[in-house]
Amino acid sequence: MTELPSPKDPSSPSAPARVDGLVDLLTVETLDTDLYRGIPLPGGKGRVYGGQVVAQALQAAQQTVGGGTCHSLHCYFMRPGQEGRPIIFRVARDHDGRSFSTRRVIASQGGEPILNMLLSFQVPETGLEHQDTMPSVPPPEALIPEIDLWRAVVDHLPEALRDYALRPRSIEFRHVYVRNPIAPTPEEPRHASWFRTSSPLGDDPAMHRAVLAYASDMTLLSTCGLPHAIGFFDPNFQIASLDHAIWFHNDFRADDWLLYVTDSPSASGGRGFNRGQIFTRDGKLVASVAQEGLIRKRAPR
């Protein structure tokens, strides 16, 4: 079996270094008024991960709002971004009121838009409160780290996917329901995972929201494939995010364990619809997520 580099291996970055790299990735550079640049993922290959574009676009918008925090964002993926090239984010300040502000962001590469996003920001206030109850699941300490699940099946993965499956990550996932990614079987379209950054993140709330946005694209789209026994790397299907929405309900820290509960109520027309709820360890609902994705069977060659 291929050995995972140990934390003491010089070729394997430490957990703090990995999280520092994530912070660098999600810290957009100011080019001009309302114009920002996001760096590419070092060593990235193929398409840009959708959660990266969402998080960088959120960060660009957050730079333009002084008195409020993002409570919702809605975006559409128009073209796949390509790794190795920076992404340019242009922000439009549509509205600034006493309580709410609205922003639009266009993300582009090579002069072509790859994502557009609409965001709303609110000055904090008090109000009525209720929420769904967090499901009863095992704590993260009782679960196996995701990287160990990949190690168990790495010899069965295509060579091109082994480095991806075993690379040390800045965000650690521990899945409540363990499934075989090589030979999936039909199951109910429901999943749950704990996640957090692999080391402390710092105290900037905007960065914690960006990291949650980054992680919210993980495990979500695959939920609609569960009833059909479709693995994420299944070559017989074309799978890609079409749109993504997040509602932020409460404060949280992305370096504390968060429970991500997902379900898929519908799939039709080559698309799968997925929902997610994110809870703190003590049961506070801090965000809701919705996403529709392409789940198209490839024509035989």
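Which residues does Phe-89 touch, not counting residues up to four places away in sequence? This tour of a predicted model begins with that selection.

**First stop: the nonpolar cores**

Select Phe-89 and display its surroundings. Phe-89 touches Asp-34, Leu-35, Tyr-36, Gly-38, Val-53, Gln-56, Ala-57, Ala-60, Val-105, Ile-106 and Ala-107, with residues up to four places away in sequence not counted. Next, add Leu-26, Leu-73, Leu-115, Met-117, Leu-119 and Ile-278 to the selection; together with Phe-89, these residues touch the most other members of the largest nonpolar core, which has 51 residues. A second, separate core has ten residues, among them Val-137, Trp-257, Val-261 and Leu-285. As a general background, nonpolar side chains in soluble globular proteins tend to be buried together.

**Second stop: two buried strand residues**

Select Ser-108, which belongs to strand β5 (residues 100-109). Ser-108 has a relative accessible area of 17% and is therefore buried, the limit being under 20%. Leaving aside neighbours within four places in sequence, its contacts are Pro-86, Ile-87, Ile-88, Pro-113 and Ile-114.

Proceed to Leu-258, found in strand β10 (residues 258-268). Leu-258 is buried, with a relative accessible area of 1%. Beyond neighbours within four places in sequence, Leu-258 is in contact with ten residues that may be shown in turn: Ser-193, Trp-194, Phe-195, Leu-212, Phe-252, Arg-253, Ile-278, Phe-279, Thr-280 and Val-286. For a distance to display, choose the C-alpha atoms of Leu-258 and Glu-146: they are separated by 15 Å, and the two residues are 112 residues apart along the chain.

**Third stop: the aromatic rings**

The structure holds four aromatic pairs. Select Tyr-49 and Tyr-214, an edge-to-face pair with 5.0 Å from centre to centre and 80° between the planes. Tyr-49 sits in the loop between β2 (35-38) and α2 (50-62), whereas Tyr-214 is in helix α5, so the pair ties together parts that are 165 residues apart in sequence. Tyr-49 is partly exposed, at 22% relative accessible area, while Tyr-214 counts as buried at 9% relative accessibility.

Now move to Phe-248 and Phe-252. Their ring centres are 6.5 Å apart and their planes lie at 10°, so this pair is stacked. Phe-248 counts as buried at 9% relative accessibility, and Phe-252 counts as buried at 13%. To complete this stop, select Phe-173, Phe-195 and Tyr-260, which form one aromatic cluster.

**Fourth stop: the second largest pocket**

Keep Phe-248 selected and add Glu-125, His-249, Asn-250 and Asp-251. These five are the closest to the centre of the second largest pocket, among the 26 residues that line it. About 970 Å³ of space lies in this pocket. Strand β3 (69-77) and helix α5 (205-215) are the elements that give two or more residues to its lining. Colouring the lining by class would show eight nonpolar, ten polar and eight charged residues.

**Last stop: the cavity**

How many cavities of 30 Å³ or more are there? The count comes to one, with a volume of about 60 Å³. Select Leu-221, Ser-222, Gly-225, Ile-230 and Ile-239, which lie nearest the centre of this cavity, out of ten lining residues. By class, the cavity lining divides into seven nonpolar, three polar and no charged residues.

Conventions. Residues are numbered from 1 along each chain as its sequence is written. This is a predicted model: local features need pLDDT of at least 70, side-chain atom pairs count only at pLDDT 80 or more; totals for chains, interfaces and linings use all residues. Side-chain values use heavy atoms; hydrogens and water are left out. On a 1 Å grid over the protein atoms alone, a cavity is a set of points where a 1.4 Å probe fits but cannot get out, and a pocket is an open set with protein on both sides within 12 Å along at least five of seven lines; lining residues have an atom within 4 Å of a point. Grid points are joined across faces, edges and corners, and a volume is the space filled by probe spheres set on the points. Helices (H or I, at least four residues) and strands (E, at least two) are DSSP runs, numbered from the N terminus. Ala, Val, Leu, Ile, Met, Phe, Trp, Tyr, Cys and Pro count as nonpolar, Asp, Glu, Lys and Arg as charged, and the others, Gly among them, as polar. Rings of Phe, Tyr and Trp (its six-membered ring) pair if their centres lie within 6.5 Å; planes under 30 degrees apart count as stacked, over 60 as edge-to-face and the rest as tilted. Buried means under 20% relative accessible area, exposed over 50%, partly exposed in between (1.4 Å probe, protein chains only). Contact means heavy atoms within 4.5 Å. A nonpolar core is a set of buried Ala, Val, Leu, Ile, Met, Phe, Trp, Tyr and Cys residues joined through side-chain atoms within 4.5 Å.
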